[in-house]
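Colleague: I would like a close look at one part of this complex, the chain in the middle of my question. Please walk me through its contacts, and then through whatever helps to place them.

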Amino acid sequence: MIAILKVITPLLCWGGMMLSLARGIGSGPTLLAGGCGALFLTGSLLPLLVPSPLLVVAFKGVTAAAFAILWLASIGGIHGAGGEARVGHAAGPLAGRGGAFLASLLAGAGVGCILVPAGGVAQPMALMAAAVAGVSLAVAGAFAGRFLPRWFAPSGTGLWALILALLLCIASSSPRLDLFSPLTMRVMKFIHDFVHQFFESMLLPDHPFIRPRVWEYIGILFSSGVGFWGGVVLFFAPVGFIATAIRLTPLPSVAHIRRGAERRLLMASYIRQRRHQQAAPILAAAVLSLAIYQSRFPSVDYWDPAPVKVTADAAGKILIPEKGEPEIGDGRMHKFVYSHGGTEARFFVLAKEDGEYAVTLDACSICKPEGYGQGESALICYYCKTLIPLDTVGKPGGCNPVPLPFRREKGGVAIDAPLLLRSWDETVQATAGGGGERR
Amino acid sequence: MKRAVSLLISPRLPAAVLAVFFLIYCVAAFGAEEPLLVLMKLTRENLPLLLVLALLPLNAALRLLSGLRSMGSRLRVMRGGGRGEIPGGIFAEEVTIGAGADLGLVKERLAGEGFAVRGDASSLAAWRGVPFIPLHRLGALLIFSGILLSLAWRQSIKLPAIEGEPLAWPAGGGALVEKIGLQESDGAILSRTLAIHLRDAGGGRTVCGIYPPARYAGAYVYPRYLGIAPFLRFKAPGMEREMESYFLISIYPPGKEDFAVIPGTPYRIGLSIAPPLPEEDPFISGRMELAVRILKGDELLQAGTVPLGGRLAGKGSELSFLGLRRYVATDLVMDHGFLPVWGGVACYLLAVFICLPLRIFLPRVEMILVLRDGMTHTAFRSEEFGTKRGGLYHELLDSIEKGRSDH
Amino acid sequence: MAECIIETRGVTRSYGEICALKPLDLQVRDGEWLAVMGHSGSGKSTLLNLLGGLDRPDGGSLVVGGVDLATLGEDGLARFRRERVGIIFQQHHLIPHLSAVENVMMAQYFHSVPDEAEAKVALQRVGLGHRLRNRPGELSGGEQQRVCIARAIINSPRILLADEPTGNLDHASTVVVLELLSELRAEERFTIVMVTHNQEVASRGERTIFLDDGILVREELSGR
Ligand SMILES: Nc1ncnc2c1ncn2[C@@H]1O[C@H](COP(=O)(O)OP(=O)(O)OP(=O)(O)O)[C@@H](O)[C@H]1O
Ligand SMILES: [Mg+2]
């Protein structure tokens with residue numbers, strides 16, 4: 001039953017999608033309710049047939065691709081805006097029932113994925129309940145559309161921006177489906193590479209010649225705040241483009257009318273219609289804000305034990321016993337802290353499914369060392385919200401926690417204290433300042 | 001043919017082209033560690049992709065041309081006072097009114113509104129403001145051509161410029177690096193200035209600085225980092241002859257240790273600039289002491305500091321620090337895209353700081369009235385932004401229709 | 001008889017005890033110039049307000065310009081006022097800190113979108129082409145009333161309602177305003193309903209009706 005609580009926001013988003021589709025697509029409510037409802041049902045029951053990791057990848061891939069297409073369409077719209085005069089958009093190349101049905105399938109699959117516990121099996125009862133709720137919402141939305149104000153008639157790219165925003169909002173209700181956090185990582189990487197390439201291509205001088213102050217400013221480009229804000233810009237840009245394109249669309253000529261008042265009335269009606277077109281992008285922007293909020297502050301509770309203080313023996317060996325308090329073999333992450341000479345090095349031990357241990361710093365080599373929490377089948381980096389699948393913990397790279405060399409000894413795990421301190425110092429030094437190194 | 005041109009000139013083409021590259025980047029971002037490099041390499045090595053990229057400058061050029069052409073024909077029509085054939089599509093609104101206008105009065109009225117007016121008894125052209133010059137299209141053309149040229153034909157080789165050595169360009173020749181000068185400076189961006197003095201065989205001299213990059217033998221000289229090469233004499237047991245050479249090692253800036261490896265022997269010499277560091281940058285002053293560790297395999301034979309001109313001896317090995325040479329790790333880069341890209345950036349800046357304000361504050365408005373067969377043919381175009389919607393034009397048409405231009 | 005642009009049937013309006021308009025039947029032809037006379041408090045302004053959609057009747061039917069005002073909601077009534085009627089009052093109700101042309105543009109703005117060129121022409125038509133930038137305080141009473149006329153006709157209303165437009169003007173200005181109105185009416189062919197106390201002003205109209213205590217007591221055709 002608790003599971004159902006997780007899908008309340010997604011189901012509300014689904015209802016919103018149906019309302020928008022009901023207003024935006026010319027099809028009758030029966031066809032819309034039937035088609036979309038059936039596809040939502042199919043989508044939400046997919047976890048019974050398809051393994052959930054695969055479904056998650058497919059959901060994210062298709063949603064991301066759709067978002068990319070929206071991006072391009074919105075740029076095309078801006079380019080075309082200077083062109084022919086029109087009021088109200090004809091259904092663009094993207095419009096039509098196909099899009100509506102695909103969106104319904106995706107929404108269903110998203111809700112289904114959220115209900116499947118990570119690494120666990122789908123519970124048919126929960127899925128059925130969600131499917132029934134979704135179908136009822138589809139019917140209700142399709143028929144309730146007519147009660148919305150007449151001027152709310154999203155069309156063309158505006159409609160699809162709204163639908164996609166709602167879909168992204170469904171996705172961000174679960175860290176596993178979320179697209180915003182991965183986007184911020186990719187943005188960081190791109191900006192980093194791009195600046196590097198720009199220096200290289202334009203033969204710009206490097207560290208040895210540039211003032212440290214200037215270099216600090218350039219360093220801002222490499223901080224993770226840039227990833228977040230870059231992600232925000234990428235998320236909102238299509239909506240902004242669409243709104244701009246609507247605003248820039250020239251109004252049809254009224255020069256053929258020879259009475260001033262009549263001419264002005266027609267002009268005013270064109271302007272009003274154009275203003276109403278903005279409703280969809282504005283709503284989409286609001287929904288996207290919600291999606292980003294959900295992504296930044298996930299409602300999931302993470303297992304995050306307080307670090308246990310440990311000490312080293314004379315040879316500099318830290319021994320963590322296997323049996324005792326805490327019991328490190330229980331498959332959960334256990335954090336420890338070792339203090340020496342003013343440095344407090346945090347690390348954790350995690351027993352993986354195959355019985356192997358992973359011993360890593362509670363920090364990665366990219367982000368500020370805010371540490372990790374353990375979710376259902378993944379750790380989450382509190383700083384950049386990236387999910388680290390449990391089976392990759394202990395491997396280096398990206399936002400994975402930095403692995404530590406360790407030995408399994410009689411009844412415990414042994415770590416070299418000086419090595420731990422050095423590794424912590426190096427990692428924290430590289431990341432705490434925010435600005436990364438360029439090379 | 002017509003269709004092909006209209007496709008190439010379409011404002012949607014750039015979006016489509018960028019889409020292609022964006023999608024490739026996205027795919028690369030899933031698979032590869034360095035998606036941007038993958039994208040560049042793919043583009044460089046695939047002619048079809050290069051051709052797709054070439055659509056960008058082509059599109060910009062065509063749009064620039066067509067914009068200039070219609071601007072040109074409008075200017076001609078305006079200058080001719082509206083006489084002669086008016087090519088289609090160069091004005092935004094065209095209205096024909098079934099009544100003749102009193103052009104004299106219209107002329108008076110428009111002149112009163114700040115229009116320049118030209119024409120005769122049967123035609124009239126009026127204009128106001130400065131035509132918008134599409135400099136941003138030129139900018140796009142230059143930037144995209146620059147990227148294309150750079151991507152397709154950039155060549156670069158790493159070549160250190162060492163004081164007293166020729167800068168050995170593989171194509172032959174090679175000027176002598178006479179001197180490398182470094183100075184602290186407090187520029188807005190640069191904290192140092194660099195001067196690599198080159199003299200070629202004919203006696204011609206070139207000085208290469210940091211930015212803008214100097215040209216040498218058709219390539220840009222791109223200084224990347226600085227180094228100090230100590231000139232050492234070394235002798236140790238088991239060596240047939242003593243060894244005397246420069247070592248291009250990385251010990252500068254101070255604090256780094258690097259090894260000079262004596263080829264064919266088990267000896268390695270660990271070198272670094274010895275603390276305490278001199279007040280002045282050793283690269284600038286040429287004064288420094290070396291901290292030396294002489295190793296045979298992993299065994300430490302000797303350690304100590306050696307001043308310039310000094311000697312460190314013991315256990316049969318002997319090391320003299322005879323001198324030093326400055327060097328600059330440089331890339332020689334042949335890149336025809338460098339200038340176009342900067343030119344394009346300059347065009348965009350001009351467009352933003354000159355063309356845009358002109359369009360906002362002195363927008364071009366153009367109007368044509370032609371009397372023919374008792375009717376008035378009119379055409380209108382405005383580059384105004386925002387809320388002014390050709391009210392004057394509409395009003396003029398009203399008054400012509402009502403034959404009330406005498407008001 | 002040409003079609004009716006105004007047709008009232010049993011229209012009443014009372015203010016508490018006072019019955020300002022007893023059941024009234026009135027028909028006005030399209031393009032007619034109707035004058036309304038009657039002593040003070042006889043319900044002339046009340047009638048005009050009802051015709052202009054500024055007020056709602058207590059009973060009876062009221063069809064103006066083919067629209068049954070009783071069926072209109074608040075939005076519809078506002079739209080009717082914006083698009084169908086132009087109104088001129090004795091007190092000019094111009095906005096004091098806006099210039100003449102801006103006052104006219106205000107009316108355009110509430111109607112649709114402002115258009116300065118058109119507003120200027122409208123002021124030129126009422127003979128104020130040289131006073132475009134003056135504020136109402138800088139204009140004479142007659143000039144102010146002419147600005148009001150420009151403002152009332154700018155949106156091409158089918159009906160012009162005027163409540164003692166010349167009440168505050170001397171003879172010369174009155175003549176100018178009346179001349180102007182008849183000139184504009186000849187061009188635009190709108191209907192005029194004008195309340196007045198002045199017999200001479202009323203005689204400009206084609207027909208005069210007399211109200212007494214909210215009752216139509218008499219009507220006469222002028223000039224024939
Ligand atoms: N808002 C109101 N509240 C109460 N009574 C009102 C209101 N408006 C008008 N009346 C009353 O209704 C009656 C008719 O008023 P109305 O203004 O129509 O007269 P009028 O013929 O225009 O007079 P005048 O020539 O003096 O302008 C008057 O007795 C007046 O007192
Ligand atoms: Mg009154």
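Modeller: What follows takes chain A, its domains and its two interfaces, and then turns to chain B and the ligand.

Bear in mind that this is a predicted model.

Start inside chain A. The assignment splits chain A into domain 1 (2-178 + 224-296) and domain 2 (308-437). The C-alpha centres of these two domains of chain A are 42 Å apart. Nine residues of domain 1 of chain A touch six residues of domain 2 of chain A. Together the two domains of chain A bury about 640 Å², and carbon and sulfur atoms account for 51% of that. Salt bridges across this domain interface of chain A: zero. Residue pairs in polar contact, with both at pLDDT 80 or more, also come to zero between domain 1 and domain 2 of chain A. On the domain 1 side of chain A, helix H10 (224-248) and helix H12 (279-296) each give at least two of the residues that touch domain 2. By class, that side of domain 1 of chain A holds three nonpolar, four polar and two charged residues.

Now the interface with chain B. Here 38 residues of chain A meet 50 residues of chain B. The buried area between chain A and chain B is about 3700 Å², with 63% from carbon and sulfur atoms. Three residues of chain A stand out: Leu203(A), Phe209(A) and Arg258(A) give 23% of the area that chain A buries against chain B, more than any other three. Arg258(A) has a second role in the list. Its side chain forms a salt bridge with that of Asp398(B), at 2.8 Å from N to O. The count of salt bridges between chain A and chain B is three. Polar contacts between chain A and chain B number 13 residue pairs, both residues being at pLDDT 80 or more. Three helices of chain A each supply at least two residues to the side that touches chain B: H4 (52-81), H8 (180-201) and H11 (260-277). H8(A) has the largest share of that side, with 10 residues. The side of chain A that touches chain B is made up of 21 nonpolar, seven polar and 10 charged residues.

Next, chain C. Nine residues of chain A are in contact with 11 residues of chain C. Chain A and chain C bury about 810 Å² between them, 53% of it on carbon and sulfur atoms. Arg259(A), Arg264(A) and Leu265(A) supply 67% of the area that chain A buries against chain C, more than any other three residues. Arg264(A) also pairs with Glu118(C) in a side-chain salt bridge, 2.9 Å from N to O. The interface of chain A and chain C has two salt bridges. Six residue pairs are in polar contact between chain A and chain C, both residues at pLDDT 80 or more. The chain A side that touches chain C has five nonpolar, one polar and three charged residues.

Chain B has its own domain layout. The assignment gives domain 1 (80-132 + 363-407), domain 2 (138-225 + 331-336) and domain 3 (227-326) of chain B. The C-alpha centres of domain 2 and domain 3 of chain B are separated by 30 Å. Their contact involves 12 residues from domain 2 of chain B and eight residues from domain 3 of chain B. Domain 2 and domain 3 of chain B bury about 840 Å², 56% of it from carbon and sulfur atoms. On the domain 2 side, Ile162(B), Glu163(B) and Leu182(B) lose the most area to domain 3 of chain B, together 52% of what that side buries. Three salt bridges are counted between domain 2 and domain 3 of chain B. Glu165(B) and Arg325(B) form a salt bridge, with their closest N and O atoms 2.8 Å apart. Polar contacts between domain 2 and domain 3 of chain B come to five residue pairs, both at pLDDT 80 or more.

Last, the ligand. Ligand 1 has 13 residues around it, and Ser40(C), Gly41(C), Lys44(C), Ser45(C) and Thr46(C) come nearest. A polar backbone atom of Ser42(C) is 3.2 Å from an oxygen atom of ligand 1. For Gly43(C), a backbone N or O atom is 3.1 Å from a ligand 1 oxygen atom. His197(C) uses its side chain: a polar atom there lies 3.1 Å from an oxygen atom of ligand 1.

How values were computed
Residues are numbered from 1 along each chain as its sequence is written. Chains are lettered from A and ligands numbered from 1 in the order in which they are written. This is a predicted model: local features need pLDDT of at least 70, side-chain atom pairs count only at pLDDT 80 or more; totals for chains, interfaces and linings use all residues. Side-chain values use heavy atoms; hydrogens and water are left out. Domain bounds come from an automatic or database domain assignment. Contact means heavy atoms within 4.5 Å. Buried area is the accessible area (1.4 Å probe) that two parts lose on being put together, summed over both. A salt bridge is a side-chain nitrogen of Lys or Arg within 4 Å of a carboxyl oxygen of Asp or Glu. A polar contact is a pair of N or O atoms within 3.5 Å; within protein, one must be able to donate a hydrogen and the other to accept it, and residues adjacent in sequence count only if both atoms are side-chain atoms. Helices (H or I, at least four residues) and strands (E, at least two) are DSSP runs, numbered from the N terminus. Ala, Val, Leu, Ile, Met, Phe, Trp, Tyr, Cys and Pro count as nonpolar, Asp, Glu, Lys and Arg as charged, and the others, Gly among them, as polar. A residue is near a molecule or strand if one of its heavy atoms lies within 4 Å of it.
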